[in-house]
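Please open the model in the viewer with a cartoon representation and keep the selection panel at hand. The tour proceeds from the whole chain to individual side chains.

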Amino acid sequence: MKSLYKRLIIIAFFSFFVYNIIMILIITLLAYFAIRNLSNRINMLENIIEQTAKERNLTINSNETIHDEFGRILNAFNMFISILHNFMLQVKQGASENVKSVKNMSYIFNDISKNTDKEVSIVDESASEAEHIKHILSESNNEVGQTREQIIQANNNLNRTVSM
């Protein structure tokens with residue numbers, strides 16, 4: 001009986017040992033596949049981020065549909081990239097509108113410059129005309145002065161003639 005009891009104890013220890021080894025192997029395999037799955041997901045996200053950064057392409061996103069924490073991270077990343085892409089499009093559109101406005105302002109400043117040149121030319125012509133008119137008036141004033149002197153001289157001559 002002792003021999004049977006020893007055999008049963010040996011079989012029990014051996015069974016317990018084999019059971020523990022099998023459980024450790026199963027747990028190790030499950031842990032390996034879980035870590036590998038998580039590592040693959042992280043590598044996928046890393047590849048998407050690197051591709052987005054290298055290509056500067058804000059239209060890249062993950063089309064994977066995963067319903068866990070990692071899926072929420074992917075969805076948040078996709079949303080972030082989409083918002084960033086829309087923001088960049090708005091900035092690009094604003095810059096384009098600014099360029100158009102600057103061109104329009106350039107045309108306006110050119111027109112103002114041309115009009116200013118015309119106005120300066122008109123002012124110069126007006127100044128020249130004013131100088132000419134001033135010269136004519138000065139000559140007329142001199143002639144009026146001479147005529148006045150002649151009238152005074154004639155009046156004096158007339159008065160002398162009448163007084164004689």
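Begin with the whole chain in cartoon form: the protein contains two helices and zero strands, where helices (H or I, at least four residues) and strands (E, at least two) are DSSP runs numbered from the N terminus. The radius of gyration is 53 Å, well over the 15 Å that the globule rule gives for 164 residues, so the protein is more spread out than a compact globule. That radius is taken over C-alpha atoms, and the globule rule is 2.2 Å times the number of residues to the power 0.38. This is a predicted model, in which local features need pLDDT of at least 70 and side-chain atom pairs count only at pLDDT 80 or more, while totals for chains, interfaces and linings use all residues. Residues are numbered from 1 along each chain as its sequence is written, and side-chain values use heavy atoms, with hydrogens and water left out.

Next, display the C-alpha atoms alone; along the principal axes they fill a box of roughly 195 × 25 × 20 Å.

Switch to a surface representation. The accessible surface comes to about 14,400 Å², and 63% of it belongs to carbon and sulfur atoms; areas come from the Shrake-Rupley method with a 1.4 Å probe, and for residues only the protein chains shown count as cover. Of the 164 residues, 9% are buried, where buried means under 20% relative accessible area, exposed over 50%, and partly exposed in between (1.4 Å probe, protein chains only).

Now select helix α1, residues 2-55, and locate I42 within it. I42 is partly exposed, at 44% relative accessibility. Add T52, 10 residues along the chain from I42: the two C-alpha atoms are separated by 15 Å.

Proceed to helix α2, residues 69-163, and select F87 there. F87 is partly exposed as well, with a relative accessible area of 46%. From F87, draw a C-alpha to C-alpha distance to T147: the pair is 60 residues apart in sequence and 86 Å apart in space.

Which residue forms a salt bridge with E69? Select R72: the closest N and O atoms of the pair are 3.9 Å apart. A salt bridge here is a side-chain nitrogen of Lys or Arg within 4 Å of a carboxyl oxygen of Asp or Glu, and the structure holds one. Because E69 and R72 are three residues apart in helix α2, about one helical turn separates them. Both residues are exposed.
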